Amino acid sequence: MERTFWYRDSVFYQIWPRSFRDSDGDGVGDLMGVYEKLDYIKSLHVDAIWFSPLYPSPNADYGYDVMDYMDISGEYGGMGAFKKVLDGAHERGIRVIMDLVVNHTSDEHPWFLASRRGEEPYRDYYIWRKGKPDGSPPNNWDSLFEGKAWQFDAERGEYYLHLFAIKQADLNMDNPRVREEVKKIMRFWLDMGVDGFREDVITFISKKEGLPDGSRLMPAARGINHYSNGPHLHEYLMEFRDVLDEYDCVTIGEAPLLTPRRALEFIGGKRPELDLMISFECMEGDCISQEYIHHPFSLVKLKLIWERWQRGLRGKGWNFLYLENHDHPRVISRYGSEKFRVESGKALAAAYLFQQGTPIIYQGQEIGMTSIRLESIDQYEDVQTIHNYHRYFTKEPTEKRMQRVWQSSRDAARTPMQWDAGENAGFTSGKPWFRVNPNYPEVNVADQEEDSGSLLNFYREAVRLRKELPVVHYGSFRLFRPLDKKLLMYERRSKSQRLLVICSWSDSAMRVNVPRGYDLTRGKLILRSHGGEADKNGYTAQPWETRVYLFQDRKKPAEV
Ligand code: GLC
């Protein structure tokens with residue numbers, strides 16, 4: 001089928017269904033809740049929803065442990081509710097993207113149950129190995145979520161591999177039958193009208209032959225060099241491409257440890273395997289590799305990461321732009337300022353929404369939700385958070401360890417969506433499955449709808465503008481003052497337009513000067529967070545003040 005690359009002109013919205021909106025009072029978000037909010041989603045001017053997994057699941061990793069790939073969880077309302085949402089979204093011109101989690105399944109998936117009994121054809125659907133002669137696991141790999149990567153199964157008398165939680169058994173993608181299953185799943189959803197997939201940790205699906213021991217220099221992810229970008233990865237993705245090519249759909253690959261150069265191996269070239277890549281580098285502004293190893297936020301580091309991706313993919317691939325998702329604490333609490341929550345939220349929005357690529361907004365980001373900080377580890381739900389707490393830095397005082405949890409927990413961004421100032425933030429009429437952030441009386445959708453200066457309305461305006469201005473789609477990217485610790489300033493330039501995005505990154509007021517060649521009095525201030533005048537060369541910026549100027553070259557016609 002002829003591809004239209006519609007995703008390049010789109011803005012996406014991510015829904016983590018459990019916490020979006022509960023329609024039936026059981027405390028868990030559901031699809032009829034999403035249905036009720038479709039007009040709200042449309043009002044953000046977004047073009048597609050990516051749903052985190054909606055499949056039946058025992059929820060050891062909240063849906064990323066799938067029990068049935070061709071059904072929708074009863075908790076979320078089942079297939080009937082999904083079809084209603086799909087149609088309702090399509091009627092509004094919103095596309096729908098499913099999460100495709102095929103590196104692993106739940107250990108309660110019927111394939112696994114049959115595989116553990118040694119039944120054909122499922123016997124080799126997973127990665128089973130005998131232990132070493134002394135009974136210890138087959139190799140030294142670590143799981144990223146729970147201890148070692150191997151779990152002994154008494155029924156089968158062998159170990160199975162799980163790179164994530166114990167209840168997430170890795171599929172054996174080297175088995176052609178398993179790849180056929182993946183293709184069947186893809187067709188099932190695409191034939192139903194779904195518009196694409198976000199492919200969960202897709203770069204982990206091919207493990208090195210012989211499963212050799214991992215390097216000891218990788219203390220918490222031993223073995224990762226043998227399963228990240230494994231030997232048959234590109235071959236398998238190309239096999240899947242054959243199916244995907246029958247549809248005008250999008251694929252977004254999630255890939256830990258990704259650089260721009262490596263990303264192009266997936267999304268560059270004439271017939272790319274995938275369309276967009278989720279890299280983790282933009283989450284490293286305040287940490288090394290994972291939020292658990294924290295350092296103070298560095299704007300300089302973040303700017304250089306953004307610049308590297310903007311330049312690295314230009315003309316060769318298309319960027320995927322995000323600030324938040326369900327795997328990282330809220331960005332205002334990390335990169336912005338809770339004291340200047342609204343202002344820093346606006347700076348962050350402008351900072352990424354005017355870059356080249358397809359941006360995605362995570363539920364609640366548009367109203368500036370912040371990270372929750374719970375008192376004790378027992379109040380947390382996330383398997384990774386709980387595991388990290390018990391495994392690392394165990395000699396530190398509890399207070400320090402809880403601080404690490406606050407800085408790193410995925411639960412920080414999984415609290416219920418804050419719809420209004422009523423009970424449970426308008427999320428549910430029952431008892432919410434997880435704590436509501438206590439700041440909901442000040443931070444909620446209803447209040448921000450009423451306020452033209454709210455963060456919510458700033459997001460709407462920024463998204464509207466980015467779609468209206470060709471320079472955002474096509475223009476080149478230039479970062480000014482890369483080493484300035486308190487200012488983000490970049491230019492997007494096309495034949496007839498220049499856009500100057502200026503975000504001050506500080507809790508204090510300061511003078512901002514624009515680069516030589518710019519005269520602010522000749523530009524049109526198309527988006528701003530504050531009032532205040534400017535002279536030719538700059539202005540006095542309030543804390544976290546954001547401005548976006550458009551310069552139209554009068555000699556050249558405006559691009560459409
Ligand atoms: C991805 C998901 C994350 C999940 C993990 C294992 O990183 O985004 O939420 O826990 O894969 O499936």
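Contact here means heavy atoms within 4.5 Å. With that in hand, here's a quick tour of this predicted model, looking at how domain 1 meets domain 2 and then at Trp309. The domain assignment splits the protein into domain 1 (6–103 + 176–376 + 412–462), domain 2 (104–172) and domain 3 (474–552).

**Domain 1 against domain 2: the overall picture**

- Taken over C-alpha atoms, the centres of domain 1 and domain 2 sit 27 Å apart.
- On the domain 1 side, 32 residues take part in the contact, and domain 2 brings 30 residues to it.
- Interface size is often quoted as the accessible area that goes missing when the parts come together.
- For domain 1 and domain 2, the buried area comes to about 2600 Å², and carbon and sulfur atoms account for 59% of that.
- If you want three residues to look at on the domain 1 side, pick Asn103, Val178 and Leu211: they supply 23% of the area domain 1 buries against domain 2, more than any other three residues.

**Polar links across the interface**

- The count of salt bridges between domain 1 and domain 2 is one.
- Lys207 and Asp170 form a salt bridge, with 2.8 Å between their closest N and O atoms.
- Polar contacts between domain 1 and domain 2 add up to 15 residue pairs, with both partners at pLDDT 80 or more.

**What the domain 1 face is made of**

- Two helices, α5 (176–192) and α6 (224–227), each give at least two residues to the side of domain 1 that touches domain 2.
- Helix α5 has the largest share of that side, at four residues.
- Sorted by class, the domain 1 side that touches domain 2 holds 19 nonpolar, four polar and nine charged residues.

**A look at Trp309**

- Trp309 belongs to helix α9, which covers residues 299–313.
- Its relative accessible area is 8%, so Trp309 counts as buried, the cut-off being under 20%.
- Leaving out residues up to four places away in sequence, Trp309 touches Leu258, Thr259, Pro260, Ala263, Ser279, Glu281 and Asn319.
- One of those neighbours, Glu281, also has a side-chain polar contact with Trp309, at 2.9 Å.
- For a sense of distance, Leu237 is 72 residues from Trp309 along the chain, and their C-alpha atoms are 23 Å apart.

Methods. Residues are numbered from 1 along each chain as its sequence is written. This is a predicted model: local features need pLDDT of at least 70, side-chain atom pairs count only at pLDDT 80 or more; totals for chains, interfaces and linings use all residues. Side-chain values use heavy atoms; hydrogens and water are left out. Domain bounds come from an automatic or database domain assignment. Buried area is the accessible area (1.4 Å probe) that two parts lose on being put together, summed over both. A salt bridge is a side-chain nitrogen of Lys or Arg within 4 Å of a carboxyl oxygen of Asp or Glu. A polar contact is a pair of N or O atoms within 3.5 Å; within protein, one must be able to donate a hydrogen and the other to accept it, and residues adjacent in sequence count only if both atoms are side-chain atoms. Ala, Val, Leu, Ile, Met, Phe, Trp, Tyr, Cys and Pro count as nonpolar, Asp, Glu, Lys and Arg as charged, and the others, Gly among them, as polar. Buried means under 20% relative accessible area, exposed over 50%, partly exposed in between (1.4 Å probe, protein chains only).
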